[in-house]
Amino acid sequence: MNLFEYQAKEAFRECGIATPKGVLVRSVKELDAAFAETGFPCVLKSQVLRGGRGKAGLIRVVKDAAAGRKEAGELFASEHNVRMLLVEEAVDIAREIYLAITVDPVTGTALLMGCAEGGVDIESLAATQPEKIVRVNVDMAEGLGGYHVNNLVYGMGLSGDTGKQAGAVVRGLYKVFRSRDAQLAEINPLFITGDGRAVAGDGKLIIDDNSLPRQPRYPLSRDYFDSDVEFEAAQEGIPYLRFNGDIALMCAGSGLTTTVFDLIHDAGGSVATYVDFGGANYTRAVRAMELCLETPSKVILVVTFGTIARADVMADGVVEAIKKLNPKVPVVLRIRGTNEAEAFETLKQAGLTNLSDTEEAVRKAVELAAGRA
């Protein structure tokens with residue numbers, strides 16, 4: 001679960017990391033009360049789950065209430081589905097630093113990362129100047145030690161009061177990382193203010209989905225999703241992604257779904273939805289097809305290869321879904337796997353054609369979407 005900036009900063013404050021004074025608002029009507037708290041100049045920060053907000057014009061600095069109301073109205077009305085703004089006091093910035101903690105998949109340790117140049121696109125910096133990013137591994141069974149913090153801070157070339165301030169933030173960020181079961185806890189940038197304070201200018205916090213049962217402070221809500229159908233799918237535990245193409249993709253298993261996604265693009269097609277009804281959801285073909293039909297498409301492509309998830313059970317579900325939902329677009333089927341002979345017979349009895357080759361099914365779906373079949 002990728003949290004909003006305001007949620008990340010709440011976690012930062014609980015763990016001793018300073019943040020700018022801020023107020024969350026959900027409408028223009030709430031701005032005057034927020035302005036009374038932050039004063040001017042202040043910053044309007046769109047709370048959306050995407051990077052590059054500044055470049056996209058989703059962060060605005062305003063100097064008075066009239067300008068603030070105007071800019072906020074534009075942000076709420078933008079195409080970026082902005083439903084919340086974090087109104088923050090402006091900060092006197094002397095320098096910016098990058099700090100983050102993530103999981104090193106190779107060693108299974110916590111990976112501290114720091115760079116003396118904050119406010120940058122860290123991915124680009126890692127590709128072009130990797131030597132500027134300092135990395136320190138921490139065995140989570142042993143915990144964070146002073147030498148870990150010192151190695152990171154001194155490695156970034158920080159010393160004196162700035163080094164002490166940065167070190168304190170690293171300790172707080174590690175508390176956030178562990179207490180929230182995070183995959184990533186990031187501050188970019190960490191401001192060093194004109195009077196020498198360290199303040200988290202922005203925050204990113206991604207929580208491991210597997211830990212959500214023990215993170216009740218972050219319940220699943222509509223705010224995290226761009227559409228109602230995405231929220232519905234998440235509530236029911238069905239992986240669902242929405243795109244802008246023509247083919248609704250309904251597969252069993254994330255690996256197979258991703259492979260077929262690539263095959264569709266390789267064949268010149270485009271994907272409208274990505275619905276995975278494998279694993280625990282392999283008996284839920286009707287609901288999976290309902291989700292597919294909630295997004296406009298020109299064809300539905302169903303591809304499965306059942307091992308533990310039996311092909312005959314999925315075939316029964318697909319037949320039931322087509323009878324119940326009566327889709328107005330063509331359905332291309334490629335269902336194979338355990339008990340596939342029974343699956344083929346079920347589909348044949350229902351008057352449905354089942355293709356045995358995935359690439360053939362993909363080509364047929366692409367042709368149908370293009371109006372060539």
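Start by selecting F4, Y6 and Y224, which ring pairs link into a cluster; here rings of Phe, Tyr and Trp (its six-membered ring) pair if their centres lie within 6.5 Å, and planes under 30 degrees apart count as stacked, over 60 as edge-to-face and the rest as tilted. This is a predicted model, in which local features need pLDDT of at least 70 and side-chain atom pairs count only at pLDDT 80 or more, while totals for chains, interfaces and linings use all residues. Residues are numbered from 1 along each chain as its sequence is written, and side-chain values use heavy atoms, with hydrogens and water left out.

Across the whole structure a search finds 7 aromatic pairs. F4 and Y6 form a stacked one, with 6.1 Å centre to centre and 20° between the planes. F4 is buried at a relative accessible area of 3%, and Y6 is buried as well, at 16%, where buried means under 20% relative accessible area, exposed over 50% and partly exposed in between (1.4 Å probe, protein chains only).

Next, select residues 5–14, which make up helix α1 and include E10; helices (H or I, at least four residues) and strands (E, at least two) are DSSP runs, numbered from the N terminus. E10 is partly exposed, with a relative accessible area of 36%. Add G203 to the selection: 193 residues separate E10 and G203 in sequence, whereas their C-alpha atoms are 9.7 Å apart in space.

Now zoom out to the full chain, which has 12 helices and 15 strands. Its C-alpha atoms fill a box of roughly 75 × 50 × 40 Å, taken along the principal axes, and 47% of its 373 residues count as buried. Among contacts (heavy atoms within 4.5 Å) with a separation of 6 or more, 68% come from residues 24 or more positions apart.

Colouring by domain gives domain 1 (21–89), domain 2 (93–214) and domain 3 (227–370), with bounds that come from an automatic or database domain assignment. Between the C-alpha centres of domain 1 and domain 2 the distance is 27 Å.

For the interior, select F12, L99, L112, L152, L173, I187 and L205, which touch the most other members of the largest nonpolar core, a group of 44 residues. Such a core is a set of buried Ala, Val, Leu, Ile, Met, Phe, Trp, Tyr and Cys residues joined through side-chain atoms within 4.5 Å. Helix α6 (residues 160–179) gives the most to this core, contributing 7 residues. Centring the view on L152 and leaving aside residues up to four places away in sequence, one finds that L152 touches L99, L112, M113, G114, V134, V136 and V170. Apart from this core lies another, of 31 residues, with F277, A315, V318 and L333 among them.

Select strand β15 (residues 331–337) next, a mostly covered strand in which 5 of the 7 residues are buried. Strand β14 (residues 299–306) runs parallel to β15 and is joined to it by 7 bridges, two strands being counted as paired if DSSP finds at least two bridges between them. Within this pairing, V303 stands opposite R334 in β15.

From there, move to T273 in strand β13 (residues 271–276). T273 is buried, with a relative accessible area of 0%, and beyond residues up to four places away in sequence it touches Y240, L241, I247, A248, L249, C292 and T295.

The loop between α7 (228–235) and β11 (240–242) holds I238, which is buried at a relative accessible area of 4%. Its contacts, leaving aside neighbours within four places in sequence, are A233, V275, D276, N281, R284, R287 and L291. Of the pair I238 and N281, the C-alpha atoms are separated by 7.0 Å, although their positions lie 43 residues apart along the chain.

Finish with the cysteines. How many disulfides does a search of the whole structure find? The search finds 0, a disulfide being a pair of cysteine sulfur atoms within 2.5 Å. C251 is in no disulfide, and the nearest cysteine sulfur, that of C292, is 9.1 Å away. Both C251, with a relative accessible area of 0%, and C42, also at 0%, count as buried.
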